[in-house]
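Hello,

I am passing on a structure for you to look through, and I would be glad if you kept it open while you read the notes underneath.

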Amino acid sequence: VGDDHAPGANSETAYWIAAARARESERDDRLFSDPYASVFAGALGRNALEASARASGGDNEFLVIRTRFFDDVLGDEAAWLDQVVLLGAGFDTRAYRLDLPDQLRWFEIDVPEILEEKERVLSQLGPVARCQRFAVTADISGAWGESLLDAGFSIDCRTASIAEGLLFYLSSPVVARVLAEARRLSGGGSLIGADVMGSGLLTLPSMRPSLSTRTELGLPPPFTTDDPAALFRAAGWPLVQLAFPGQLGAAYGRPFHRADQGPEPPDPTMQSYLVVGRNAR
Ligand SMILES: C[S@@+](CC[C@H](N)C(=O)[O-])C[C@H]1O[C@@H](n2cnc3c(N)ncnc32)[C@H](O)[C@@H]1O
């Protein structure tokens, strides 16, 4: 297991997403139940969630639609899979809350501070993983594939790689490398799932705070694409399905419109995408 530190990994966002999952879990019409999310979120996550709601003028349904979407992808595929790898796993607790085969090998990659906090909270709460779970410390902009192999990951197996809430934070060359590396490590019949944003979304007023923070920290602009299918195909994932949060393929009875965007987003640059790429069997 590597011990790389990932500068600019935006790790605090893991607390924010956990807070969104905690709040969703309290709803009568919840899209999923994550009983551990509230403890992971803590005050840091709750404050971040409130701040983001203030900046965007409302709750961000995208986060919970995305969670449910990848819950469904993994739930549907779990019986077929040998391995799962969560890239930028944060405080994802699917290994504890989805119905998974005992023998499924499940790898979670993130930076040391997040994985240490995760293990601390898990040992306090005491849930039992429903599969064979391994935490792997690595920098996803570096040689994470080697860290994964060192941790017992097998090349050429049927694998689901999930990059949920991750690609936005990486530079464009790193995104291309991550998708290609996931393909190199995956056998036939594998899949990759990720979310990406269209370039026009960066112009929204609600994006201003995070864009100026990135500039101050000397980080590259957030990753966006207006042609996700081409991006995934170029990295070796020829079969690409796109779903649209709150709409086609990912409606879940939760219309998702940004408050500052108008009722219908016909412009592909103003779209968020949920992507599933597959290779041939
Ligand atoms: C927005 S959070 C999403 C976490 C999780 N996938 C979820 O949906 O709850 C992004 C995560 O990616 C991790 N991350 C970002 N850049 C990374 C890098 N270069 N190497 C390792 N982890 C990284 C952060 O530490 C953080 O936990």
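Below are some notes on the sheet and on a few aromatic rings.

This is a predicted model, in which local features need pLDDT of at least 70 and side-chain atom pairs count only at pLDDT 80 or more, while totals for chains, interfaces and linings use all residues. Residues are numbered from 1 along each chain as its sequence is written, and side-chain values use heavy atoms, with hydrogens and water left out.

Eight strands (DSSP runs of E, at least two residues, numbered from the N terminus) form an open sheet with mixed pairing, in the order β3-β2-β1-β4-β5-β8-β6-β7; two strands pair if DSSP finds at least two bridges between them. Strands β3 (132–137) and β7 (249–250) stand at the edges with a single partner strand each, so one side of each is left without a neighbour in the sheet. Further in the list of pairings, β6 (residues 239–245) and β8 (residues 272–278) are antiparallel over five bridges, and L242 has V275 in β8 as its bridge partner.

Searching the whole structure gives eight aromatic pairs, where rings of Phe, Tyr and Trp (its six-membered ring) pair if their centres lie within 6.5 Å, and planes under 30 degrees apart count as stacked, over 60 as edge-to-face and the rest as tilted. The rings of F69 and F70 have centres 5.1 Å apart and planes at 80°, so this pair is edge-to-face. The rings of F107 and F153, with centres 5.4 Å apart and planes at 70°, are also edge-to-face. Both F107 and F153 are buried, meaning under 20% relative accessible area (1.4 Å probe, protein chains only).

Best wishes

Definitions and conventions: Helix = DSSP H or I, 4+ residues; strand = E, 2+ residues; numbered from the N terminus. Buried < 20%, exposed > 50% of the residue type's maximum accessible area, 1.4 Å probe, protein only.
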